[in-house]
Amino acid sequence: MHILLCSSYPHLPDTRGGLQTSTDELCLALQDKGVQVTVLCGALAGPDGNDGTSVRRDVSLGYPVIRAADPLEALPLVAAALDPAAIIVQSGYSLAAMLAVALETGCPTAVYLHNMELHRIGGTLPPDPAILYIANSRFTAERWRALFGIAPIILPPVVRPARYQVDRTGDRVLFVNPVPEKGIERVASLAAANPDVPFLIAESWQIGDEWRAWLRQRFGGIANVEWRPATEDVRELFADSRLLLMPSVWEEAYGRTVIEAQLSGLPVLASSRGALVDTVGAGGLVLDVHASVQEWSHALRSLWDDGPAWRTASQAAVAHARGEVRNGLRALDDVLTRLAQHSAR
């Protein structure tokens, strides 16, 4: 079986984010199962002077990646050349248009929904039985079902534990990706209210100079906050941390950083937005995003100050994350079975 994964977004290493990481680890897991896989994605201008207008192919990630300035235009040609058993269209700008083009190729087509960004799909998702819909969480599936009457099956993000596990625990509260929707204001209030607790804030790859300057000004008077640049190896962050903080304001479709951190025994303190209640599971605590700073501080201290409580939560975090990893691989087997049935029609 050969699967073509498509998105209008660029892929690693041109840009980094949850979609790109999930796609990369999905591709590697598919190859482990003997499935050929190719990624078609958007292209960025490169340091070699390429302006992003041509179609480029590379295998630097261990599987073929075709980078095109216009993936919609490239998709029919790529599909004709590869003759894949299935095309999986992933979240991205103009998802509806890419779905239409994929269907026109005549290849069995699926859609993998990774987020709730309705304004970016550029149309509607028809409840057509010829389309296999896949969602990364129960929450994501239920939301898209409510919007368009579709019925996605669930495939949680594939997580490869070796990329995240560390064998030591640090002494910081870790927060990743300092942007408003991830709850940066809650982090500021918690750090100010708990001056004896060291916080570690890890920047994202997309952070700009102006936003970085604003953040440094915003946190300039909070002495217990350490800043780290974006890193390809998050194990460095997990090894220096004791707890993951994820007070997201927007509705998280999954929150894979939770599972990555839990694999190293980091309990998670998160908001109850979107899928986070399920993703955190027994491996931490969830609060209403609008709860007071006193309530958030109480939850933080209940894990931070109480050694036995932290150890119990840490053990539960590892058990929960390992269970999610197993569930993801089982779900992937189910998806492959569905795709094979889809291809046989």
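**Close-ups of a predicted model**

**View 1. Strand 1 gives the largest cavity the largest share of its lining, 4 residues.** This is a predicted model, and the cavity shown here has a volume of about 80 Å³. Strand 1 (2-10) has company: helix 1 (18-32) and strand 2 (36-42) also put at least two residues each into the lining. The full cast around the cavity is C6, S7, Y9, P10, H11, L19, Q20, T23, V39, L40, C41 and Q90. Sorted by class, that makes 7 nonpolar and 5 polar residues, with no charged ones. If you go hunting for cavities of 30 Å³ or more, the count comes to 3.

**View 2. Eight strands line up in an open sheet with mixed pairing.** Reading across, the strand order is 3-4-2-1-5-6-7-8. Strand 3 (55-58) and strand 8 (153-154) sit at the edges, each pairing on one side only. Zoom in on strand 8 and you find strand 7 (residues 131-135) paired with strand 8 in the parallel sense, over 2 bridges. One residue pair to pick out here is I134 with its bridge partner in strand 8, I153.

**View 3. R256 is a buried arginine in this model.** You'll find R256 in helix 8 (residues 256-262). R256 counts as buried because its relative accessible area is just 8%, and the cut-off for buried is under 20%. The R256 side chain makes a polar contact with the side chain of E260, at 2.7 Å. Leaving out residues up to four places away in sequence, R256 touches G18, T21, S22, E25, P157, V158, V159 and Y164.

Note on methods:
Residues numbered from 1 in each chain as written. Predicted model: local features only at pLDDT ≥ 70, side-chain atom pairs only at ≥ 80, totals over all residues. Heavy atoms only, no water. Buried < 20%, exposed > 50% of the residue type's maximum accessible area, 1.4 Å probe, protein only. Polar contact = N/O pair within 3.5 Å; in protein donor to acceptor, adjacent residues only side chain to side chain. Contact = heavy atoms within 4.5 Å. Pairing = 2+ DSSP bridges. 1 Å grid on protein atoms, 1.4 Å probe; cavity = no way out; pocket = protein on both sides within 12 Å on 5 of 7 lines; lining within 4 Å. Points joined across faces, edges and corners; volume = space filled by probe spheres on them. Nonpolar A, V, L, I, M, F, W, Y, C, P; charged D, E, K, R; others polar.
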